[in-house]
Amino acid sequence: MQWQRYILAFAITAAIFATAFYIADFIDNRRIADIREIQEAISIDLLSSETQFELLGSLDCELLGEHPVLSEELNSLAERLSYTENNLGNDNEQVLLLKKQYSLLQIKDYLLMQEISRKCGTKSVSILYFYSNEEGSCENCGRMGEVLTYLRQTYPDLRVYSFDYNLDLGALQTLVALRKIQPELPALIISNRSPVYGFKDLEETEALIPELKTLATTTPQEE
Amino acid sequence: MDIGALGVYMCLFLGLFFEVFLLISFLENKPGKKTAFKPKNYPATTILVPCWNKAKTLGATIESLLALEYPKEKLSILIIDDGSIDDTYEAAQKFAHNPQVRILQKKNEGSKYSALNFGIANSEGELVGCLDADSFVAPDALLEVVKRFENEPDIMAVTPAMRVHHPKNLLELMQAVEYVFGIFCRKMFDNLSSLTVIPGPFSIYKREVFTKIGKFRKAHHTEDMEMAFRMHANGLRIANAHTAIVSTKVPTSLGALVRQRVRWSRGFLENARDYSYMFFNPRYGNLGFMALPLGLAAFLAGIYSAIFLVYSFLSAFITNVLDMVVTGIPPQMPGLPRFEWFYMDTSMMTFLVFTVLALTLVTIFIGKRIAQTKIPIHSLVSYFALFGFIAPVWLARAIWDTVLAKETGWLT
């Protein structure tokens with residue numbers, strides 16, 4: 001019996017496995033780079049808006065009307081980040097870093113929108129959504145996320161900011177402390193009102209946001 | 001990584017190892033092309049045609065045997081009507097006038113082995129072959145087998161290259177590709193001296209095999225597999241003549257196919273158990289270290305992968321339905337798949353699955369070249385679309401029947 005044949009077959013099979021691992025890893029890294037590029041682009045846009053505000057002493061509401069907001073970019077980024085998190089796991093270091101950057105961008109966008117509302121008199125409807133990915137800490141966070149995704153698709157002007165409650169990020173923990181959000185997840189802050197805790201289905205969530213009636217709708221399929 | 005996925009990776013590793021091993025064997029010893037040389041001697045040969053209710057196909061089978069390019073005085077055909085209750089005997093009588101043909105009748109004993117032994121006892125040829133009464137030989141098939149015997153005198157039995165006869169429906173087309181894959185595997189197992197079956201359609205034995213190790217046994221209705229195991233156990237060599245082409249009719253309905261494959265699969269399990277001492281026994285070379293263990297592993301891997309897929313699909317489906325009910329989100333029409341590279345499945349498992357499929361395709365095309373046959377594209381589509389779903393059914397049923405020691409008959 002030729003043992004060399006067995007060893008060669010084993011080596012080739014192992015090499016195929018190694019190649020598959022390398023290719024998959026390479027593409028995952030490309031995905032992370034792609035997310036990072038989008039985050040950088042959003043970061044520049046936000047910085048531009050802030051700088052504009054500082055230059056003019058006030059926001060140029062007309063200009064903002066022409067180039068409204070980063071909603072779409074943030075949504076696209078959220079989808080990509082969520083897909084990558086599902087693939088690589090929520091404890092992946094790169095994913096955690098991207099989530100932190102994403103959370104910061106969301107907070108900055110949220111604050112900017114508050115400013116725009118105040119200065120330009122626009123009425124924006126926003127939801128701060130706090131969830132947890134930790135095993136057993138929030139059984140219904142996934143479902144709450146689905147309800148909010150559906151609402152966001154149905155009402156394009158609804159701004160949903162989602163935060164991992166346990167993310168080790170100073171700015172996020174400051175937001176949690178300021179809003180006095182308890183670790184009873186999922187938790188929602190709708191248009192700066194008091195926190196709402198626990199899972200709410202679509203009907204209950206819609207009832208919590210009467211402002212939805214003022215927003216234009218679309219069908220989710222058209223998104 | 002969860003345990004379920006880890007099991008799938010192990011299955012993929014085994015599958016890849018098996019394919020790579022056979023491809024190495026192919027590159028080491030590529031099968032030669034058919035030559036125009038004739039054998040120096042034409043040994044007296046008897047072809048046994050055991051038949052049970054084969055009135056429809058028997059005539060064409062015998063015609064194909066009579067058309068063999070072989071000296072008529074050296075070739076005799078023995079039709080054994082194994083207690084048929086249709087017009088098989090009448091169909092056989094059409095050849096009664098032919099001096100090459102003899103027709104015998106016997107009572108059916110519930111398994112093919114008894115008909116074969118009856119034929120061996122009533123024949124005299126130096127070579128004894130068997131041809132199922134729904135199979136048809138190419139005119140030069142016997143010449144090719146005899147050349148193989150002549151070139152290597154230590155060979156005691158020769159198997160042919162089997163193709164599906166005129167495949168028409170989806171199941172037949174699927175099996176056509178499977179048989180071509182089998183042509184490749186059989187030839188490579190020949191290279192490795194580890195053929196595990198000497199199939200009914202036109203396998204030829206030297207008569208001395210039966211005097212040395214005895215005739216066929218019931219062997220869980222897979223006498224051809226048991227005979228191969230017993231020959232290995234006694235150091236008798238089995239070879240494959242890939243240029244000896246025989247085409248055979250295959251089950252046309254799902255029920256018949258599953259029944260046939262349950263018998264074959266269960267036969268493998270039961271015979272492997274009877275000859276378990278061969279596993280990882282250096283005395284039996286590649287048979288003990290590769291063909292038998294990997295055959296068993298393929299069995300388990302097929303079932304495991306199917307269970308994993310069904311479980312994954314069902315759990316995703318149930319989760320989606322529950323989510324829909326609990327969240328109150330109205331059902332939505334599924335959108336078009338996203339073609340953005342970002343969302344394509346580029347996991348390690350996906351690459352490995354595609355590699356296994358690609359290597360399977362390569363082996364099928366090598367088998368196609370070896371057998372000089374054609375594979376229409378819809379045949380390939382049928383194979384890749386159906387086989388993975390149907391095969392686990394008969395594998396699981398075979399294990400179930402084996403565990404329960406359920407007695408079954410010769411069903412196909």
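**Exercise 1.** In this predicted model, find the residue that stands opposite T159(B) in β8(B), and state how β6(B) and β8(B) are joined.

Solution. Start from the pair itself: T159(B) faces N240(B), which lies in β8(B). Next, take the two strands: β6 (residues 155-164) and β8 (residues 237-248) of chain B run parallel and are joined by eight bridges.

**Exercise 2.** Place β6(B) and β8(B) in their sheet, and determine which strands stand at the edges.

Solution. Step one is the strand order. The open sheet of chain B has eight strands, arranged β3-β2-β1-β4-β7-β6-β8-β5, with mixed pairing. Step two is the edges. β3 (101-106) and β5 (135-137) of chain B each have a single partner strand, so one side of each has no neighbour in the sheet. Step three is the twist: ignoring direction, neighbouring strands of this sheet are turned by 30° against each other on average.

**Exercise 3.** Identify which strands of this sheet α5(B) touches and which α6(B) touches, and give a helix-strand angle for each helix.

Solution. Take α5 (residues 141-151) of chain B to begin with. This helix packs on the sheet and touches β1 (45-51), β5, β6, β7 (203-206) and β8 of chain B. The direction of α5(B) makes about 170° with that of β8(B). Then take α6 (residues 170-191) of chain B, which packs on the sheet and touches β6 and β8 of chain B. The direction of α6(B) makes about 155° with that of β6(B).

**Exercise 4.** Describe how α1(B) packs against α11(B).

Solution. Begin with the geometry. The axes of α1 (residues 3-28) and α11 (residues 348-371) of chain B come within 10 Å and cross at roughly 30°. Because of this angle, α1(B) is roughly parallel to α11(B). The crossing of α1(B) past α11(B) is left-handed. Now list the contacts: α1(B) contributes residues including A5(B), L12(B), E19(B) and F26(B), while those of α11(B) include M349(B), V356(B), T360(B) and I366(B). Sorted by class, the residues of this contact are 13 nonpolar, four polar and one charged.

**Exercise 5.** Trace the pairing of β1(A), β3(A) and β4(A) through L188(A).

Solution. First, β1 (residues 125-131) and β3 (residues 187-190) of chain A pair in the antiparallel sense over four bridges. Within that pairing, L188(A) is the bridge partner of Y129(A). Second, β3(A) pairs with β4 (residues 196-197) of chain A, again antiparallel, over two bridges. Here L188(A) stands opposite V196(A). Third, β3(A) and β4(A) form a hairpin with five residues between them, and S191(A) in the turn has a positive phi of about 45°.

**Exercise 6.** Compare the composition of the domain 1 side of the domain contact in chain A with that of the chain A side of the contact with chain B.

Solution. Chain A is assigned domain 1 (1-122) and domain 2 (123-223). Between these domains, 13 residues of domain 1 are in contact with 14 of domain 2. α4(A) gives the largest share of the domain 1 side, nine residues. That side has four nonpolar, seven polar and two charged residues.

For the chain contact, 27 residues of chain A are in contact with 26 residues of chain B. α1(A) gives the largest share of the chain A side, 15 residues. The classes on that side are 17 nonpolar, two polar and eight charged.

Technical notes. Residues numbered from 1 in each chain as written. Chains lettered and ligands numbered in written order. Predicted model: local features only at pLDDT ≥ 70, side-chain atom pairs only at ≥ 80, totals over all residues. Domains from an automatic or database assignment. Contact = placed C-beta atoms within 7 Å. Nonpolar A, V, L, I, M, F, W, Y, C, P; charged D, E, K, R; others polar. Axes fitted to C-alpha atoms, helices over the stretch in contact; angles between N-to-C directions. Parallel < 35°, antiparallel > 145°, perpendicular 65-115°, else oblique. Left-handed = near helix turned anticlockwise from the far one by under 90°. Pairing = 2+ DSSP bridges.
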